[in-house]
Amino acid sequence: MVRKTRVWLPNHFYHIVSRGNRKDLLFKDPEDYRIFLYILQQVYEKHSFELAAYCLMNNHFHLQLRSKDQPISKIMSLVNKQYATYFNSRYELTGHVFEKRYFDEPLNSSANMLEVSRYIHLNPLKANLVLRPEDYPWSSYRFYFSRHNGIKSYMNLSPLVEGYPGNYKTKCKSYCDFVNAKRSVAFDEIQL
């Protein structure tokens with residue numbers, strides 16, 4: 001069966017989701033999460049891209065990603081291949097690590113960007129892993145919630161906060177208020 005060609009819009013962010021094969025775990029311990037973030041950094045250094053939001057869950061991950069120079073498919077191929085190689089080697093496995101090709105959806109408006117980022121950042125609450133999004137260590141939410149020295153060079157917070165008034169700190173607080181305003185609302189609004 002022939003795969004449908006991916007559409008790449010260089011100036012658009014995409015919501016990307018990749019799941020473990022058969023919904024198996026992608027991240028079994030903190031080292032796996034750290035290695036995935038390290039792989040993102042390594043790919044970024046060779047093929048520049050931007051992340052506005054991310055969340056690494058135990059059996060899938062979400063990225064809100066834009067690549068202006070390379071097709072998204074190139075970035076994701078490198079990330080998923082390198083992580084699969086690491087994962088299979090570490091756990092002495094063979095075969096597919098990821099369920100299928102990653103899901104991608106172009107985000108065509110600021111409102112869409114904000115809604116998807118909120119969905120991404122509230123994923124750990126939906127899974128009952130934490131009570132507050134700022135408590136989840138494998139999400140970009142903490143970069144918006146407070147000044148964080150460990151922000152990665154591939155992170156670009158501006159697309160999600162630029163529409164809010166005030167200085168940068170005030171903009172980030174407004175964004176966090178937006179995310180937290182929907183904690184109790186059903187998560188099924190965004191269909192994958």
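With which residue does Arg22 form a salt bridge? The partner is Asp24, and the closest N and O atoms of the two residues are 3.2 Å apart. The model discussed here is predicted. Its salt bridges come to 10 by count, whereas the number of disulfides is zero. A UniProt annotation from an unreviewed entry, "domain: Transposase IS200-like", is listed for residues 9-123.

**Annotated span**

- According to the UniProt record, residues 9-123 carry the label "domain: Transposase IS200-like", and the entry is unreviewed.
- In the model, this span is 43% helix and 23% strand.
- The C-alpha atoms at the two ends of residues 9-123 are separated by 26 Å.

**Salt bridges**

- The structure has 10 salt bridges, among them the pair of Arg22 and Asp24.
- Arg22 is exposed, because its relative accessibility is 60% and the class begins over 50%.
- Asp24, the partner of Arg22, is partly exposed at a relative accessible area of 35%.
- A salt bridge also joins Lys68 to Glu50, with 4.0 Å between the closest N and O atoms.
- This pair links distant parts of the chain, with the two positions 18 residues apart in numbering: Lys68 belongs to the loop between β3 (60-66) and α2 (72-90), and Glu50 to strand β2 (residues 50-56).
- Within this pair, Lys68 is partly exposed with a relative accessible area of 44%, while Glu50 is buried with 14%.
- Glu134 and Arg132 form a further salt bridge, in which the closest N and O atoms are 3.5 Å apart.
- Glu134 counts as buried at 15% relative accessibility, whereas Arg132 counts as partly exposed at 39%.
- Asp29, Asp32 and Arg90 are joined into one network by salt bridges that share partners.
- Arg90, a member of that network, is located in helix α2 and is partly exposed, its relative accessible area being 34%.

**Cysteines**

- Why does the structure hold zero disulfides? For Cys172, the closest cysteine sulfur is that of Cys176, and the distance of 6.7 Å is too far for a bond, because a disulfide requires two cysteine sulfur atoms within 2.5 Å.
- Cys176 is likewise in no disulfide, its nearest cysteine sulfur being that of Cys172.
- Cys172 is buried at 5% relative accessibility, and Cys176 is buried with a relative accessible area of 5%.
- Between Cys176 and Arg90 the C-alpha to C-alpha distance is 37 Å, and the two residues are 86 positions apart in sequence.

**Second largest pocket**

- The second largest pocket encloses about 270 Å³ of space.
- Its lining consists of 13 residues, and those nearest the centre of the pocket are Phe143, Tyr144, Ser146, Arg147 and Cys172.
- Two or more lining residues come from each of the elements α4 (141-145) and α6 (168-180).
- Which element gives the most to the lining of the second largest pocket? Helix α6 does, with five residues.
- By class, the lining of this pocket comprises eight nonpolar, two polar and three charged residues.
- Cys172 therefore belongs to two parts of this account: it lies among the residues nearest the pocket centre, and it is buried at 5% relative accessibility.

**Backbone conformation**

- Most residues other than glycine have a negative phi.
- Lys23 has a positive phi, near 60 degrees, and is not a glycine.
- Lys23 is situated in the loop between β1 (13-19) and α1 (30-46), where the residue is exposed with a relative accessible area of 59%.
- Glu92, also a residue that is not a glycine, has a positive phi of about 50 degrees.
- The position of Glu92 is in the loop between α2 and β4 (103-107).
- Is Glu92 buried or exposed? Glu92 counts as exposed, at 75% relative accessibility.

Definitions and conventions:
Residues numbered from 1 in each chain as written. Predicted model: local features only at pLDDT ≥ 70, side-chain atom pairs only at ≥ 80, totals over all residues. Heavy atoms only, no water. Salt bridge = Lys/Arg side-chain N within 4 Å of Asp/Glu carboxyl O. Buried < 20%, exposed > 50% of the residue type's maximum accessible area, 1.4 Å probe, protein only. Helix = DSSP H or I, 4+ residues; strand = E, 2+ residues; numbered from the N terminus. UniProt positions renumbered as here; feature names shortened; annotations may be inferred. 1 Å grid on protein atoms, 1.4 Å probe; cavity = no way out; pocket = protein on both sides within 12 Å on 5 of 7 lines; lining within 4 Å. Points joined across faces, edges and corners; volume = space filled by probe spheres on them. Nonpolar A, V, L, I, M, F, W, Y, C, P; charged D, E, K, R; others polar.
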